[in-house]
Amino acid sequence: MELRPWREAPERDGVLLMAPHELSAGRRAEVLRSARWSWVHLTSAGADFIDLAEWPADTLLTRSWRCYAAPLAEYALHAVLTHEWRRGTPWQERDTRSAPAPDAPPVPAGASTGGGTGLWGAEVTVAGWGAVGRRLATVLDALGARVTVLRRSPEPGSPFHQTSDLGRALDADHLVVALPLTTGTRHLFDRAALGRARPGLHLVNVSRAAIVDQDALTELCAAGRLFATLDVTDPEPLPTGHPLRSLPTVRLSPHVAWRSRDSDAAFADDFATIWAALAAADSSAATDPSATADSSADPHSSHAPGISDVSAPGVPVPAVPALGAPAPAVPAPSAPTPDARALDAVIPGLVPPTTGRRARAAVRALLTPGRS
């Protein structure tokens, strides 16, 4: 297989790597209509750029669900710690204290920490239990915070307290929003919910602005009822003069929480992981009648499937060895072979309405001998 610009892709059976957040809605639509793609992989963690109701049933859709978890969790932790220590840190550039008296204790009883309290014993709610939420909850717990996870369906056996009650989630010192934007989460934290929040709650949003009622949040922060650290706003960037830009209770960053040393090419790891899992599942399903190729695929096509890129200049396409050659029909001996019937659980990057059967059909079309 070969990597080429999307305008040079084959008319069918190509694989599209798309950075949806760096394209206008019109350009995204143009790219998606330009060919009959077998597989579209989003470099973003969210799929809210895509109209899933209109998504073609014969096109596999995946997202980069895991690769930004570390920098997003680190950003959220930094935001929480910065808020905790906002009144001052215990260290100084230079020690300006006078020399103690000969009989003075080494640490005075009234020594100040600088006004900060730290995370030990703080109550933190993590909204969302994807890769970001799991990593952040683990780190916060290690630092002594009391972590509550807001989930639609709490599961047994979790080491963290779980709730589906918004009121309980908002009764905290900090709330970190790490949910996907869906019809069910849009304005989940609306005016009524935010109005019931614990006074002084610090809200951190590393997900999508529309999950929070921004107007209500602005008013409550202006009144000193809430604090906020926002990596996402609506619109981005905010207009000059928007009150969020000047409120002392609000910290803003320009949608950079996902960035790290390796973030520009990090999506390639998720793409390669999905590719390997699909190939392994396809191999394990070779004798499964339900895993036959999609009838809409043309088995006589002479096109060589290609990997096409729609990345902006700031998101380079990495050189991944697996993309430069046909994927193996049989996984390496050391690679696990997932149960094909459980493929949806094996690959969190699959985006509904894509299903395990559809995914196997798509990858079978790509991996059929003689087609690549």
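User: What share of the contacts with a separation of 6 or more comes from residues 24 or more positions apart?

Analyst: Happy to help! This is a predicted model, where local features need pLDDT of at least 70, side-chain atom pairs count only at pLDDT 80 or more, and totals for chains, interfaces and linings use all residues. Residues are numbered from 1 along each chain as its sequence is written, and side-chain values use heavy atoms, with hydrogens and water left out. A contact means heavy atoms within 4.5 Å. Among contacts in the chain with a separation of 6 or more, the share from residues 24 or more positions apart is 69%.

User: Is Gln-214 buried or exposed?

Analyst: Buried means under 20% relative accessible area, exposed over 50%, and partly exposed in between (1.4 Å probe, protein chains only). Gln-214 has 12% relative accessibility, so Gln-214 counts as buried.

User: Which residue offers a backbone oxygen to the side chain of Gln-214?

Analyst: Leaving aside neighbours within four places in sequence, Gln-214 is in contact with residues including Ala-209, Thr-233 and His-242. Its side chain also reaches a backbone oxygen at 2.7 Å, and that oxygen belongs to Asp-234.

User: How many disulfides does the structure hold?

Analyst: A disulfide is a covalent bond between the sulfur atoms of two cysteines. Here it is counted as a pair of cysteine sulfur atoms within 2.5 Å. By that rule, the number of disulfides in the structure is zero.

User: What is the relative accessible area of Cys-221?

Analyst: Cys-67 counts as buried because its relative accessibility is 18%. Cys-221 is buried too, with a relative accessible area of 2%.

Technical notes. Polar contact = N/O pair within 3.5 Å; in protein donor to acceptor, adjacent residues only side chain to side chain.
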